[in-house]
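I opened the model today to look up how its parts touch. My notes follow in the order I made them.

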Amino acid sequence: MKITGAEIFCESLRREGVKTIFGLPGGVVLKIFDVLCQRKDLQLILTRHEQGAAHMAEGYAKATGKAGVVLVTSGPGMTNIVTGLADAHMDSVPLVAFTGQVSTDLIGNDAFQEADNVGISRPCTKHNVLVKDVNDLAQAIKEAFYIATSGRPGPVLVDIPKDVSIAKTEFKYPDKVNLRGYRPFTGGDKSQIRQAAEAIMSAKRPVIYVGGGAVFGDASDEVRELAEITQIPVTMTLMGLGTFPGTHELSMGMLGMHGGYWSNMAMHQADLLIAVGARFDDRVTGKLSEFCPEARVIHIDIDPTSIRKTFHAHIPIVGDVKSVLRQMNVVLRSMDGNPAAMKARRSPWLKQIDAWKKEHPLVYKQDDKITKPQYVVEKLYELTKHEAIVATDVGQHQMFAAQYFKGKKPRTWLTSGGLGTMGFGFPAAIGAQVAFPNRQVVCITSEGSFQMNLQELVVAAEHNLPVKIVLLNNGVHGMVRQWQDLFYESRYSASLLGKKPDFVKLADAYGIKGLRALKPSEVDDVLKEGLRHKGPVLMDIHTDPFENCYPMIPAGGAQHEMMLEDPAELVQSRKGGTARKRKVDEGEGVLPS
Amino acid sequence: MEHIISVLVENKFGVLARVAGLFSARGYNIESLSVAPTLDPTTSMITIVTIGDDRIIEQIMKQLNKVVEVLSVVDHTETDFLDRETVLIKVNTKPEHRDEAIRIAEIFRAKIVDSSPTTYTIEITGDVDKVEAMISMLKPLGIKDLIRTGRIAIARETTRTASPRREPALLKP
């Protein structure tokens, strides 16, 4: 029996195990939406902006490990998801985006709502394809899911012209894909693995440096095993958080620009670096010429392009991190089976790290006048009993969350790392909540980021998705303001947000609960009440606009040269009140003096 | 250093854009580019001449390998290879220069493929040294126009078994 392209689309998605699609309709995808609404097995989450759909699908994918699915129309529908695609591309998120296209006979005619979807998305997808013939549709969808989820995951775009969704053909879903140019390498070279194990056994000051690859590579258990049998401390990138329990005695938390003093010092003095699914991003390395000057480097990654891209690797191992670490752990166990001896040997190094930790721990001073953002994050961490899925936006609040939320499990930390997309957090939290309706999902955001995708509040309300939005409202683009204070003589160009909307009224307008904490003394109650509430909640918590995030490696600075507190000149200028004046009363933004 | 890289790809639309985009997105320059189907009509060979240090070339090779439609990538510079380029050169030929133009063409075993009262068009095929040498010989006569195909390359059969310099994991299985 012949069926339409639209039916093939739905049937193929079902075969791929898709339950939820995030999207928004339009002219050229009407046929697909028409078939979709007649099916019970595919749920459509109708977003209010296509960008929201893309980030929801990312949140869904990051929380579940499965591909997130987006369905949007041609032209503006497609261009609106570009940020989401670019974000997913940077953070290796498996995403399959279906975009409508004008009929094949109109392509290239500058038709209504036409855009060169494959051309626009080429540099920000892992792969993309324009399906010109309905007979190729099922194969294209099969391949899209395979490419998105295998190897180093990433976004794949499938462009479906209107006439292809209407045309009919026999449906036969392919059992397997055979892409002669795409065979992800997974094994890991045995002799390299042995060499790595030998290097690990002889190292005196080793560090395991874990990135997002370990999350999508599902290598959490293997990382833990490696750390425990070798007693090597673990530090994680922003994307790698959760892979290794933040509360574990061998955890050093995050490294890099706003990482802990101790983890950056450990990296700087390490004699061996075991990089697992990490890509030596500039936010991690700082000045490359002074990064880990004494370390030999073992670099395990499924993507060969990540190896030696920015930093040298003495022992490169191309392969799936899970499988490579498994093999490596077997070799390591065969080399030394005595945990006590290992502990003793590692003790001076771990003691040194502990000393650094005591020397410069994370600090903030909470008084009774104004709420510090760190205080809110730390409280939230306690109140969620360390079990919540946390989505963040981008900026200071993201760094505070990364510092204070010691995640226990992978896939509970959803953040935009590579692209640094403000507006990511809230839709990502919705995506995760759709995937796990019964788990607690918290979105830590700020008013700057939140206002970039707040239209999706209605989605939370409509589906009663109990996302808890903790909005750190400080009236400024905090990270921009921090850089201006540190590097631009406190000239606040475009970083003060001035007039603030009333977020509690906004929540009310969208039919969800709104709460506000103006003073530190109100924070606990607001958080408790918000977390207790059954439905979605927007908690508007007013925080200190001038709190800075430390430690900080200034951009391009060396990793061991961290700023640990406000520089003296800045403190002085604040005391004199010459540079600025605070106005953080309710309803008023921060105004330049 | 200059490298000649042969990229075997699926003969599909958009593949060239993907390969070229990979260079432009990273700020790498393409010195010359040639594309044509191979013996197997489902594949095309893209020959790229590019310049870069070892680190850049390693990235280029890896990035090319990562493209789904790329079937294989060979950097000829690592082995013994033959390369050729065809150039059509239109030289001004005042009456007193005609003999000289013919002589130069003969020396380089080039052909005069077109003539007009004021120009000869000379076709030359050869490796880069030969082509450049002939161009420099013709320059004094006055080159009116010049067009090059871009270089193509093929490995010499005797060196086919030479082991690749980079780790095997970087090559597609």
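I began with salt bridges and found 4 of them between chain A and chain B. I keep in mind that this is a predicted model. One of the salt bridges joins the side chains of Arg308(A) and Glu58(B), at 3.0 Å from N to O. I then looked up polar contacts between chain A and chain B, and the count is 10 residue pairs, both residues at pLDDT 80 or more.

Next I asked which strands of chain A supply at least two residues each to the side that touches chain B. They are β6 (127-130) and β14 (315-318). The largest share comes from β6(A), with 3 residues. By class I noted 9 nonpolar, 4 polar and 8 charged residues on this side of chain A.

For the whole contact I wrote down 21 residues of chain A and 25 residues of chain B. The two chains bury about 2000 Å² between them, and 53% of that is on carbon and sulfur atoms.

I turned to chain B alone, which is divided into domain 1 (2-80 + 156-170) and domain 2 (83-152). Their centres, taken over C-alpha atoms, are 30 Å apart. Domain 1 of chain B puts 7 residues into the contact and domain 2 of chain B puts in 5. The area buried between these domains is about 430 Å², with 54% from carbon and sulfur atoms.

How many salt bridges are there between domain 1 and domain 2 of chain B? I found 1. I also looked up Arg151(B) and Glu2(B), whose side chains meet in a salt bridge at 2.6 Å, N to O.

Methods
Residues numbered from 1 in each chain as written. Chains lettered and ligands numbered in written order. Predicted model: local features only at pLDDT ≥ 70, side-chain atom pairs only at ≥ 80, totals over all residues. Heavy atoms only, no water. Contact = heavy atoms within 4.5 Å. Buried area = accessible area lost by both parts, 1.4 Å probe. Polar contact = N/O pair within 3.5 Å; in protein donor to acceptor, adjacent residues only side chain to side chain. Helix = DSSP H or I, 4+ residues; strand = E, 2+ residues; numbered from the N terminus. Nonpolar A, V, L, I, M, F, W, Y, C, P; charged D, E, K, R; others polar. Domains from an automatic or database assignment.
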